[in-house]
Amino acid sequence: MLMFICTAIAGPAAASQSQADLAGQAASDSDGGLLQGPLSRTPDFPGPPADWPEKSNNPTPTLSSAPNGAPLKIPGIPGESVPWSIIVLLTALTLIPSILLCMSPFARLLIVFHFLRQALGLQTTPSNQTLIGLSLILTFFLMEPVATNVYQVSVVPMESGQITALEAVTRAEDPVRHFMAHYVREKDVAMFIELAKEPRPASVNDVSMRVMLPAYILSELKAGFQIGTVLFLPFLIVDMVVAAITTSVGMLQLPPVVISTPLKLLLFLMVDGWHLLIGALMRSFN
């Protein structure tokens, strides 16, 4: 009786153990024996939805090339190419400031101020930016009547639609030509007329801008150097006197410029040099 009871209890346990061994053997056969038992089962993860877009291996192009030799288009930038007229206009705009400065007293004023700085023995005071700014302000003061005349003669009719842009440029030449004719030398005009092989003009209005512009620049350079040379002479005398005195007393090791520079500055301030110089320059253009 006791053996029958033990056999009845041990029977189901042995059956469940045999089933577990069979499942582990089947899992080890499927994964090569790396995992054993219940751990060998792979969890079922949900896959991607059916409506997801498929991933493309080709990158999105940034430039679209057109066939049959068509121009290349860049997305976001309108138009196909830059017209040559815009390039020529932008190039001309970079040259306009230099041309306008050469048609004004700016060159003469700047040359005189540089001569003054050299005569005083100062290398960097006033600075180049200061001298250029002062020359620009004085140039604006002198050219303001001419600019007003140009605006009334050419710009106002063009804005009202009475004349075209080319006619406005032609009208603007007359006030500028008359301004330059007051300060240009006849010798320089005659030289450029001969070089250009143009007929002798009967009046100022007959002189072309091709001749007037270089003649005016040459005359302004000469006038600037003349004023600068005259301005240099008083300070040169001070340098010579100081050098003679220091040499006569035996101060050979002391540079004369150490003594002459303060004396020249003192002389320039005592006579109110800036007031006299600017006043003389402005009166030379009346």
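# Notebook: a look through an all-helix model

I counted nine helices and zero strands in the protein. Helices here are DSSP runs of H or I with at least four residues, strands are E runs of at least two, and both are numbered from the N terminus. Read along the sequence, the pattern I wrote down is α-α-α-α-α-α-α-α-α.

A note to myself on the ground rules. This is a predicted model, so I took local features only at pLDDT of at least 70 and side-chain atom pairs only at pLDDT 80 or more, while totals for chains, interfaces and linings use all residues. Residues are numbered from 1 along each chain as its sequence is written, and side-chain values use heavy atoms, with hydrogens and water left out.

**Entry 1: the whole chain**

I checked burial first. Of the 286 residues, 25% count as buried (buried is under 20% relative accessible area, exposed is over 50%, partly exposed is in between, with a 1.4 Å probe and protein chains only). I then turned to contacts, meaning heavy atoms within 4.5 Å. Among contacts between residues at least 6 apart in sequence, 64% join residues at least 24 apart.

**Entry 2: the core**

Which residues touch the most other members of the largest nonpolar core? I found Phe-113 and Met-180, in a core of 40 residues. Such a core is a set of buried Ala, Val, Leu, Ile, Met, Phe, Trp, Tyr and Cys residues joined through side-chain atoms within 4.5 Å. At least two residues of this core come from each of α3, α4, α5 (165–181), α6, α7 and α9. The biggest giver is α3, with eight residues.

I followed Met-180 outward. Leaving aside neighbours within four places in sequence, Met-180 is in contact with Met-103, Met-209, Met-212, Leu-213 and Tyr-216.

**Entry 3: α3 against α7**

I looked next at how these two helices pack. The axes of α3 and α7 come within 8 Å and cross at roughly 20°. Axes are lines fitted to C-alpha atoms, for helices over the stretch in contact, and angles run from 0 to 180 degrees between N-to-C directions. The pair is therefore roughly parallel (under 35 degrees is roughly parallel, over 145 roughly antiparallel, 65 to 115 roughly perpendicular, and the rest oblique). The crossing of α3 and α7 is right-handed; that is, the near helix is turned clockwise from the far one by less than a right angle, whereas anticlockwise would be left-handed.

On the α3 side of the contact I noted residues including Ile-111, Phe-115 and Leu-116, and on the α7 side residues including Leu-221, Phe-225 and Phe-232. The residues of this contact divide into 13 nonpolar, four polar and two charged. For that tally, Ala, Val, Leu, Ile, Met, Phe, Trp, Tyr, Cys and Pro are nonpolar, Asp, Glu, Lys and Arg are charged, and the others, Gly among them, are polar.

**Entry 4: α4 against α9**

Helix α4 (residues 128–159) and helix α9 (residues 273–283) pack at about 40°, with axes 12 Å apart. That makes α4 oblique to α9. Their crossing is right-handed. Leu-134, Leu-138, Phe-141 and Leu-142 in α4 meet Trp-274, Ile-278 and Met-282 in α9. The split at this contact is seven nonpolar, no polar and no charged.

I also asked what covers the buried residues of α9. The cover includes α3, α4, α7 and α8. The buried residues of α9 are Gly-273, Leu-277, Ile-278, Gly-279, Leu-281 and Met-282.

**Entry 5: two buried residues**

Val-211 has its place in helix α7 and counts as buried at 1% relative accessibility. Not counting residues up to four places away in sequence, Val-211 touches Val-189, Phe-192, Ile-193, Ala-196 and Glu-198. I noted 6.2 Å between the C-alpha atoms of Val-211 and Ile-193, which are 18 residues apart along the chain.

Asp-188 lies in helix α6 (residues 186–196). Is Asp-188 buried or exposed? Asp-188 is buried, with a relative accessible area of 3%. With the same four-place exclusion, Asp-188 touches Ala-215, Leu-218 and Ser-219.

**Entry 6: backbone oddities**

Most residues other than glycine have a negative phi, and most peptide bonds are trans. I flagged these cases:

- A cis peptide bond joins Thr-125 and Pro-126, with omega about -5°; Pro-126 is in the loop between α3 (106–120) and α4.
- Lys-197 has a positive phi near 55°, lies in the loop between α6 and α7 (209–248), and is exposed at 72% relative accessible area.
- Asp-272 has a positive phi of about 55°, lies in the loop between α8 (256–270) and α9, and is partly exposed at 43%.
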